[in-house]
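Biologist: Hey, I'm new to this one. Could you pull it up and walk me through it?

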Amino acid sequence: MPTAGVEFAKVSYSPEGGHLVLRDISLALAAGTTTALLGRSGSGKTTLLRMVNGLVQPTAGEVRVEGHVVTSMRAPKDLVRLRRDIGYVIQETGLFPHMTIERNTALALELAEKPHSERESRARELIGWVGLDFDGLRNRFPWQLSGGQKQRVGLARALALDPSVLLMDEPFGALDPLTRSEMQTMLKKLLQRLSKTVLLVTHDLEEALYLADRVLILAEGQVVADLPSAEVSRSANPHVRDYLSVVRHKSER
Amino acid sequence: MIATLQRHGWEIARLTFEHLWLTVIAMLFAILVGIPLGVLLTRRRRWARPVIGFANVIQTVPSLALFGLLLPVPWLGENAARLAIVALIAYALLPILRNTYAGIDSVSPELRRVADAMGMTGWQRLRMVELPIAGSIILAGVRTATVICVGVATIAAAIGAGGLGELIFRGVASVDNGLVLAGAIPAALLALTADAGLGWIEKKLAVRQG
């Protein structure tokens with residue numbers, strides 16, 4: 001049994017006065033592997049992802065990241081330390097509009113009070129990793145970049161402090177199919193090199209199969225499918241079959 | 001007009017300076033109170049409505065009436081300039097408060113979440129993300145407040161606090177239009193200059209989103 005990078009133990013969540021969004025979820029994500037989380041909108045995927053870096057606290061149960069119990073962290077400084085070891089990438093990119101690309105990319109180093117020279121060289125390295133030209137972009141602002149470029153910078157920024165865990169919430173959801181496919185290729189290469197525990201929320205089974213070692217499907221707050229990517233095409237699980245039929249449909253059209 | 005200028009030149013200069021001084025002091029205090037209070041309201045949302053509502057009510061009190069109402073207040077009534085400054089602060093507070101609240105509120109939840117997820121402390125998020133993004137909206141509030149202050153400060157002369165209103169009141173009393181204009185024109189110029197200057201800074205601070 002490989003060590004768990006991220007663990008959920010009997011995790012439930014219901015917003016104040018609301019119905020149960022997640023019920024009694026127990027999962028262990030092996031360190032250094034990529035897990036894709038699929039499910040309809042409202043199935044609780046994003047909520048589950050946000051529990052890993054403590055943006056959402058579960059109503060019941062425990063979340064652990066590399067053995068540290070996230071759910072018992074009350075002091076802000078503990079959460080700050082935890083979050084610096086977790087990269088976070090979202091669909092809207094979340095780049096700060098008033099900061100240059102260089103500052104956005106190295107912001108985590110700025111927060112960790114690293115010297116300027118180190119921030120610059122790290123930003124140069126990261127921007128190179130995601131296939132962009134640092135000297136051409138460093139002084140630009142997010143609005144001057146294309147959607148794909150912004151998403152690359154968002155990924156570079158999440159990797160700044162070399163976190164052991166990477167959370168990706170529909171990172172390519174807003175991109176056109178060609179850019180999306182380029183991004184997937186780039187990400188796959190990067191992940192093979194860096195070995196991170198990745199939790200990827202997506203609507204796209206093909207993306208999940210291409211990037212992830214393991215596929216989870218969430219429905220009505222519960223895990224209804226959990227299998228290695230390699231076994232997806234042979235699975236008899238009705239939820240998996242639903243996703244497969246969508247993929248097949250698309251290719252036949 | 002030329003004659004009025006020759007006769008009252010020094011006085012106009014002195015009263016313009018006095019007017020400016022009243023406005024600047026009041027604005028400094030209004031900013032020192034208004035911006036932190038506006039930020040606080042974004043953290044304690046339940047208070048936002050009553051507090052902004054109260055500032056709104058103050059704004060509706062006619063300035064002459066407010067000066068009159070404050071006159072019997074012990075510490076305030078002793079000094080006309082002090083009283084005028086307090087009344088000006090009360091008027092300047094609403095636009096600053098409202099715009100600070102709205103500006104910080106306009107920062108998208110995604111950006112706030114990303115700031116938290118990067119491990120920013122609450123203070124870092126405010127300083128590095130929320131205030132810079134809200135900057136031009138807050139400054140627009142400061143600009144509105146300044147223009148209001150310059151205008152209301154002319155009324156301060158009614159309680160003997162000085163400023164350009166003194167010329168206007170004297171001109172009205174002695175039916176001397178030249179004297180009225182000698183007070184009104186510099187007051188208008190002050191307002192226009194402040195508006196243009198702060199408008200320029202506001203543009204510089206504007207953050208392009210997207």
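**A first look at chains B and A**

Modeller: Sure. Keep in mind that this is a predicted model. Let's begin with chain B: of its 210 residues, 39% count as buried.

Biologist: OK, how many helices and how many strands are there in chain B?

Modeller: Chain B has 9 helices and 0 strands. Read from the N terminus, its elements go α-α-α-α-α-α-α-α-α.

Biologist: And what does the C-alpha trace of chain B span along its principal axes?

Modeller: About 65 × 40 × 20 Å.

Biologist: What about contacts within chain B, what share joins residues at least 24 apart?

Modeller: That's 75%, counted among contacts between residues at least 6 apart in sequence.

Biologist: Switching to chain A. How many helices and strands there?

Modeller: Chain A has 10 helices and 10 strands. Its radius of gyration is 18 Å, close to the 18 Å that the globule rule gives for 253 residues, so chain A is as compact as a globular protein of that length.

Biologist: What box do its C-alpha atoms fill?

Modeller: Roughly 55 × 50 × 40 Å for chain A, taken along the principal axes. Buried residues make up 42% of the 253 residues in that chain.

Biologist: And the contacts in chain A, how many of those are between residues 24 or more positions apart?

Modeller: For chain A, such pairs account for 66% of the contacts with a separation of 6 or more.

Biologist: Now the place where the two chains touch. How many residues does each chain put in?

Modeller: Chain A gives 18 residues and chain B gives 18 residues. On the chain A side, helix 2 (76-84), strand 6 (86-90) and helix 4 (107-111) each supply at least two residues.

Biologist: Which element has the largest share on that side?

Modeller: Helix 2 of chain A, with 4 residues.

Biologist: What's the chemistry of the chain A side like, how many nonpolar, polar and charged?

Modeller: The side of chain A that touches chain B has 12 nonpolar, 3 polar and 3 charged residues.

Biologist: One more thing, a single residue this time. Where does D242(A) lie?

Modeller: D242(A) is in helix 10 of chain A, which covers residues 238-252.

Biologist: Why does D242(A) count as partly exposed?

Modeller: Because D242(A) has 13 C-beta neighbours inside 10 Å. The cut-offs are 20 or more for buried and 12 or fewer for exposed, with partly exposed in between.

Biologist: And what separates D242(A) from Q149(A)?

Modeller: Their C-alpha atoms are 33 Å apart, and along the chain D242(A) and Q149(A) are 93 residues apart.

Methods: Residues are numbered from 1 along each chain as its sequence is written. Chains are lettered from A and ligands numbered from 1 in the order in which they are written. This is a predicted model: local features need pLDDT of at least 70, side-chain atom pairs count only at pLDDT 80 or more; totals for chains, interfaces and linings use all residues. Two residues are in contact if their C-beta atoms, placed from the backbone, lie within 7 Å. Ala, Val, Leu, Ile, Met, Phe, Trp, Tyr, Cys and Pro count as nonpolar, Asp, Glu, Lys and Arg as charged, and the others, Gly among them, as polar. The radius of gyration is taken over C-alpha atoms; the globule rule is 2.2 Å times the number of residues to the power 0.38.
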